Amino acid sequence: MAYALVKTLHLLAVVVWLGGMFFAHFCLRPAAMALPPAQRVPLMAAALGRFFRAVAASIGLIFVSGGWMLWHVATNTHRTGAPFNMPLEWLVMTVLGVTMMLIFGHIRFALYKRLQRAVAAQDWPAGGEALVAIRGWVAINLAIGAVILLVVTMGTGN
Ligand code: HEM
């Protein structure tokens, strides 16, 4: 019961993160491109600022819930006397998941800060450059997230 609940929270947080990246990349940004930079850059900065707060919370939840599930299964397996061999798809999820988190750290604490500075200085070309960089890393994270989903849902070698 507790495991199912924690797994649901894990998945909800994943949905917020991946769904938000999909929306920002494929819907919000292309639509905002119709606006002049003086409107588009502050709009994107405000929208991304809200989204990144939700991502930070989601990452906390994904990390804690994922770690708890690993601990739970490992402890229960040890109790039976058997060794705990982490399934390959879980290992892939953990390694790629942590990679996504590090990339988010770069987006949030380097690129988004650059965007905020550009908005404060009303430097729209610099803001546009920061947005292009953010878009590239978001696309990479979205692709990694899709690979994780593929690996965990299809399993490996089945
Ligand atoms: C620190 C990073 C992560 C850890 C330690 C972790 C760990 C786990 C564990 C232990 C499970 C339970 C698997 C089961 O009971 O079958 C799980 C489920 C799942 N995780 Fe993660 N996870 C992490 C990050 C992610 C990320 C970033 C994604 C997606 C982009 C993701 C997607 C999923 C999905 C879709 C499931 C459900 C799999 C199923 O029921 O077959 N996880 N995770």
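Helices here are DSSP runs (H or I, at least four residues), numbered from the N terminus. This is a predicted model, where local features need pLDDT of at least 70, side-chain atom pairs count only at pLDDT 80 or more, and totals for chains, interfaces and linings use all residues. Residues are numbered from 1 along each chain as its sequence is written, and side-chain values use heavy atoms, with hydrogens and water left out.

**View A. R29, a buried arginine in helix 1.** Look for R29 in helix 1, which covers residues 2-32. R29 is buried (under 20% relative accessible area, 1.4 Å probe, protein chains only). Even so, R29 has no salt bridge (a side-chain nitrogen of Lys or Arg within 4 Å of a carboxyl oxygen of Asp or Glu). The nearest side chain of opposite charge (Lys and Arg positive, Asp and Glu negative; His and chain ends not counted) belongs to E129, 12 Å away. Setting aside residues up to four places away in sequence, R29 touches A24, M44 and R135 (heavy atoms within 4.5 Å).

**View B. The largest nonpolar core.** This core (buried Ala, Val, Leu, Ile, Met, Phe, Trp, Tyr and Cys joined through side-chain atoms within 4.5 Å) has 31 residues. Those with the most contacts inside it are W17, M21, L48, F52, M100, L115 and I134. Helix 1, helix 2, helix 3 and helix 4 (124-154) each give two or more residues to this core, and helix 2 gives the most, with nine.

**View C. M21 and its partners.** Apart from neighbours within four places in sequence, M21 is in contact with F51, M100, V138, N141 and L142.

Key: Buried means under 20% relative accessible area, exposed over 50%, partly exposed in between (1.4 Å probe, protein chains only).
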